[in-house]
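Hi,

Here is the structure we talked about. Please open it first, then read my notes below.

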Amino acid sequence: MSEPVKTHCPYCALQCGMEIGPEMGTGLTIAARTDIPANASGALCQKGWTAGELLTNGARLTTPLLHGEPVAWDVALDYVADRVSALRAEHGPDAVAVFGGGGLTNEKAYALGKFARVALGTSQIDYNGRFCMSSAAAASLRAFGMDRGMPFPITDLAEADVVLLAGGNVAETMPPFVRHLSGPRLIVIDPRRTQTARLAWLHLQPAPGTDLALALGLLHLAVAEDLVDEAYVAARTTGFEEVRTSLASWWPERVERITGVPVYRMRQAVRALAAAGNAYVLTGRGAEQHAKGTDTVTAFINLALALGLPGTHGSGYGCVTGQGNGQGGREHGQKADQLPGYRKIDDPAAREHVAGVWGIPAEDLPGPGRSAYELLDALGTPDGPKALLLFGSNPIVSAPDSERVAARIGALDLLVVCDVVMSETAVLADVVFPVTQWAEETGTMTNLEGRVLLRRRAVPPPPGVRSDLDVIAGLAERLGHRFATDPGEVFDELRRASAGGPADYSGITYERIADETGVFWPCPSPEHPGTPRPFLDSFATLDGRARFLPVQHRPAAEEPDDDYPVHLSTGRVLAHYQSGAQTRRIAPLVQAAPEPYVELHPDLAEQLDIAAGDVVRVSSRRGETKAVARISDAIRRDTVFMPFHWEGANRLTNPALDPTSRMPEFKVCAVRVERLS
C-alpha cells in the first residue's frame with residue numbers, strides 16, 4: 001500500500017469513515033475521514049483508532065484446522081462437503097444449519113442465504129442480528145410497513161430541539177454519535193446513570209423490564225394533557241382511538257409504582273417532546289432485548305405518532321442499530337423468514353422473483369426456519385440439525401443461557417466455523433476456516449441510517465487466508481453449484497435479487513457509493529437519488545398511513561424472589577465490542593477494560609457485605625459466573641449490571657422469547673450475588 005485507502009471502521013453500525021495508510025516499517029496508520037456524515041467531524045472512538053491492530057496482531061488464524069490440526073484448504077473443504085452430503089442424505093436437508101452474523105458484508109450475507117437455500121436446501125438459517133434489532137424491526141414493520149432503523153440521516157438529529165433515547169448508551173457503544181446530540185435537549189431512559197445519561201437534560205431511571213409501562217404512562221399523559229397532534233393523527237395514521245381507550249388504566253401514579261419514575265419527571269419528558277418544534281424518539285437494545293420488546297417499541301412508536309413525529313421533516317422515530325451491518329445483514333437473506341430485498345420467504349411473488357435470479361424453481365426454495373435461539377437450542381436434538389456452519393458469530397459468549405447453547409453445540413455431529421481468530425466457539429469446531437476481515441476485502445455495509453457504504457480493501461490478507469465468499473463458493477462447488485467469489489459480481493446479483501423489494505438496491509453501484517459517499521435505500525434505478533427520508537409523503541403501508549397498535553405492559557419473564565432477589569441487566573462498555581473476540585486481543589483496549597465486573601449500588605453492597613474489588617459470584621436459575629465488584633451509585637439499589645463481552649454474563653441471561661420477534665430477554669433476569677473473597 002503506497003497511498004491511504006478510504007474505508008470504514010470494522011465495528012458498530014455508525015460505520016465511521018476512516019483512511020488506512022502506510023507507516024514506516026510494517027505498521028499502519030488510521031485517520032478519520034471527514035466526508036462520511038456519521039463522523040464528519042473527524043471523530044473515531046478508542047476502538048476505531050486502534051482498529052489497525054486487528055490487522056497486525058499475532059492472534060490471526062492463517063490455516064484451516066481439522067480436529068485442531070493444520071490441513072490444506074482442499075482437505076478441509078472436501079471433509080466438510082463429504083460430511084454435509086452424508087448428513088443430508090441420512091437425515092434430509094434441514095439436518096444442516098447455517099448461522100450468520102450482523103458484521104458480515106451485504107455480499108456475504110446474501111451469498112450465505114443463497115448457499116443455505118440453493119446448495120444445502122435447508123430452511124435452518126438465522127443470524128446473531130436476531131439478538132440485536134429484531135424487536136424494533138418487527139414493531140417498525142407493523143407500524144410503518146418498513147423496517148429501516150433510522151429513516152432519516154443521522155445529521156438531522158443535530159437540528160432537533162428534543163431527543164428521547166430509550167435504552168441506549170451511545171456515549172460508550174458508539175461515541176461519535178454523541179456529536180449529533182450536542183444541540184437538542186436529551187432525555188435518556190435507562191436503569192443506570194450511564195455516560196449517556198450523564199449528558200442528558202433529563203434522566204428517567206425505571207426498574208429493569210418496565211420500559212413498556214413507562215411508555216404507556218408517557219402516552220397517557222400526552223392524551224390527558226391534550227398534547228396529541230390531532231390533525232396529524234387524523235391525516236396520517238389509523239387505529240388511534242383503540243389505543244386511546246387502551247391507555248385508561250395507565251394513569252401516571254400507577255406507572256410510578258411500577259417503574260419507580262416520578263410522575264413529575266414523566267410530565268417533564270412529555271411536555272418537552274410536545275413543545276419541541278422538532279423532536280425524535282429513539283430506541284436501543286435496553287428497551288428492545290425483552291420478551292415483550294416488540295410491544296415496548298410499539299408503545300414508543302405510538303408516543304411518537306401521537307405527537308406527530310414520524311414522517312415529518314426534522315422529527316421522527318428511529319432505532320439505534322448496534323452491529324456493523326445489523327441493518328443490511330437482515331435485508332438480503334440470512335434471516336430465517338426473509339429473502340433478498342427484505343422479501344418474506346413465504347410470499348409466492350417474492351419466491352418467484354428470487355428463484356428466477358437464482359435459476360431454480362420457486363418450489364425448490366425451503367420455507368421459514370427456526371429463529372436464532374430456537375435454532376441453537378435445537379442443535380443435536382433428534383429433530384434438529386446435526387451440523388452447523390457458523391460465519392461471523394460467537395454464540396458460546398453471546399447467546400442467552402450460554403451453557404445450554406454450549407451443550408447443544410457439543411451434541412452436533414459437525415461444527416464448522418469461519419473466523420478471523422480462535423473464538424470460544426471456534427475452539428469447539430471440527431473444522432475452522434481462517435477468513436479475511438474488514439480492511440482485507442471489499443464489500444458494502446448498510447449503516448444505521450440505511451445508507452449503503454463501500455468498505456474497500458486496503459491491505460492483503462495474510463498468506464493462507466481466504467474470504468468467506470471463497471469458503472461459500474468452495475463448498476457450493478463440491479455440492480454441485482457455482483457461486484461467485486468476486487464481491488462486485490455478488491453485489492450485482494444482489495441488486496437483481498433485491499429489485500422491487502422493500503429494500504431495493506438495484507440502482508446502487510460501487511461507483512455511485514464512491515461518488516456520493518453512500519446511497520440510501522430504497523434506490524430502484526440508477527437515476528433514482530436514493531431515499532434518505534422514506535416516510536415524508538406516505539408510510540410503506542397499503543393505504544400510506546402509519547398504524548397505531550394497542551399494547552399492554554406485562555412483567556418480565558422472570559421476577560426477583562427470595563432465592564434470586566436482584567435484577568441483572570447486561571450491556572456494553574466503551575473499550576469492547578460484542579463477544580470481545582476481536583477487542584480482547586487489542587492491547588490498549590484490554591488495558592482500558594481488562595476483565596468483567598459486577599456493578600452494585602452502595603446500599604446493596606453494604607447489605608451483602610461486598611466491598612469494591614471483592615470477587616463475587618452471580619447466580620441465576622441457569623448458571624453462575626464470577627467477577628470483580630464495582631460499587632457505584634449510578635445503578636438502582638435493586639439491580640446489578642454486567643458487561644457481556646466476556647464469557648460468563650450470558651450463562652445467567654434468560655432465553656425467554658418475544659412472541660413476535662423471537663428476541664431473547666437479555667436485559668433482565670433474577671440473580672443472587674454473594675461475596676467470595
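In which loop is Pro522 found? Pro522 sits in the loop between β21 (519-520) and β22 (546-547). The peptide bond leading into Pro522 from Trp521 is cis, and its omega is near -5°. Keep in mind that this is a predicted model.

**Sheet**

There is an open sheet of five strands. Its order is β10-β9-β8-β12-β13, and the pairing is parallel. β10 (202-204) and β13 are the edge strands. Each has a single partner strand, so one side of each lacks a neighbour in the sheet. From one strand to the next, the twist averages 15°.

β10 pairs with strand β9 (residues 185-189) in the parallel sense, over three bridges. Look at Ile189 there: its bridge partner in β10 is Leu204.

Helix α12 (residues 263-275) lies across β8 (162-166), β9, β10 and β12 (279-283). The helix runs at about 125° to β10.

**Aromatic residues**

The structure holds 13 aromatic pairs. One of them is Phe144 with Tyr317. The ring centres are 6.2 Å apart and the planes are at 35°, so this pair counts as tilted. Phe144 belongs to helix α5 (residues 134-144), while Tyr317 belongs to edge strand β13 (residues 316-319). The pair therefore ties together parts that are 173 residues apart in sequence.

Are these two residues buried or exposed? Phe144 is buried, at 2% relative accessibility. Tyr317 is buried too, at 2%. Phe144 and Tyr317 form one aromatic cluster with Phe535 and Phe539.

Two charged side chains also sit over rings. Lys114 has its charged end over the ring of Phe483, 4.7 Å from the ring's centre. Arg192 lies over the face of Phe641, at 3.7 Å from the ring centre.

**Backbone with positive phi**

Asp226 is not a glycine, yet its phi is positive, at about 60°. Asp226 lies in the loop between α8 (211-224) and α9 (230-236). With 61% relative accessibility, Asp226 counts as exposed.

Tyr342 also has a positive phi, near 65°, and is a residue other than glycine. Tyr342 is in the loop between β14 (338-339) and β15 (343-344). Unlike Asp226, which is exposed, Tyr342 counts as buried, at 8% relative accessibility.

Best wishes

How values were computed:
Residues are numbered from 1 along each chain as its sequence is written. This is a predicted model: local features need pLDDT of at least 70, side-chain atom pairs count only at pLDDT 80 or more; totals for chains, interfaces and linings use all residues. Side-chain values use heavy atoms; hydrogens and water are left out. Rings of Phe, Tyr and Trp (its six-membered ring) pair if their centres lie within 6.5 Å; planes under 30 degrees apart count as stacked, over 60 as edge-to-face and the rest as tilted. Helices (H or I, at least four residues) and strands (E, at least two) are DSSP runs, numbered from the N terminus. Buried means under 20% relative accessible area, exposed over 50%, partly exposed in between (1.4 Å probe, protein chains only). A charge sits over a ring if NZ of Lys or CZ of Arg is within 6 Å of the ring centre and within 35 degrees of the ring normal. Two strands pair if DSSP finds at least two bridges between them. Axes are lines fitted to C-alpha atoms, for helices over the stretch in contact, and angles run from 0 to 180 degrees between N-to-C directions. Contact means heavy atoms within 4.5 Å.
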